[in-house]
Amino acid sequence: MRLAALLFFLFVGVILADEADTSDWKTINSPKGDYSIQYPPGWKKHETDPTSDRVLLTKNEDIVATVGVIHQKGLPQVATASYMRQVLDQHDAMMAPIKRRLSDIKIHKKEIITIKDDYLAFFMDMTGSHQNSAFRILTLNTIFGGKTYTVLVKIPEALATNEMRQTAIKIMST
């Protein structure tokens, strides 16, 4: 399982990350050891519930990256094209509860991407606001070994420079 997750993040790196040097980045393992992720200097790892398989990273109190594994019954072993099309088709219905809380959410990009060895992932870039605070959220989801792997990075819109977005995408891709 851990190998599968490590491979997933490496696969995504081939598609999303640019050629920037990450040799000074730190590597951490998830609490259950299902995956590892790299993060740049200046970011901080926070302790999370050891019974979950979630990693929480912050750049400062406003910029947050969450990585996790969701265990759901009935998932395929890998994200097939037909399954991912179904996810894309049902996306608006899945977003309805979020849109009720965050009525101004705007999706800039949602797409199924092919990563190395023809594995598929769902990438989304959106903006919204909550309590007068505007933000950008980048998410990446895939299925491997019957588990959903999710990476979410939340950035205040005022800090969502191209450089910060590229850093977020690199974190997602490690």
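Reader: Which helix gives the largest share of the lining of the largest pocket?
Author: In this predicted model, the largest share comes from H2, with 10 residues. A pocket here is an open set of points on a 1 Å grid over the protein atoms alone, where a 1.4 Å probe fits, with protein on both sides within 12 Å along at least five of seven lines, and lining residues have an atom within 4 Å of a point.

Reader: And which strands each supply at least two residues of that lining?
Author: Strands S5 (64–70), S7 (119–130), S8 (133–144) and S9 (147–156) do, as does helix H2 (81–101); these are DSSP runs, helices (H or I) of at least four residues and strands (E) of at least two, numbered from the N terminus.

Reader: What conventions apply?
Author: Residues are numbered from 1 along each chain, and side-chain values use heavy atoms, without hydrogens or water. Local features need pLDDT (the predictor's confidence in each residue, 0 to 100) of at least 70 and side-chain atom pairs 80 or more, while totals for chains, interfaces and linings use all residues.

Reader: Switching topic, how many salt bridges are there?
Author: Three, counting a side-chain nitrogen of Lys or Arg within 4 Å of a carboxyl oxygen of Asp or Glu.

Reader: Which residues form a network?
Author: Asp125, Arg136 and Glu157 are linked in one by salt bridges. Arg136 and Asp125 meet at 2.5 Å, N to O, and because Arg136 lies in S8 and Asp125 in S7, the pair ties together parts 11 residues apart in sequence. Glu157 pairs with Arg136 at 3.6 Å.

Reader: Is Arg136 buried or exposed?
Author: Arg136 is buried, at 9% relative accessible area, and Asp125 is also buried, at 5%, whereas Glu157 is partly exposed at 31%; buried means under 20%, exposed over 50% and partly exposed in between, with a 1.4 Å probe and protein chains only.
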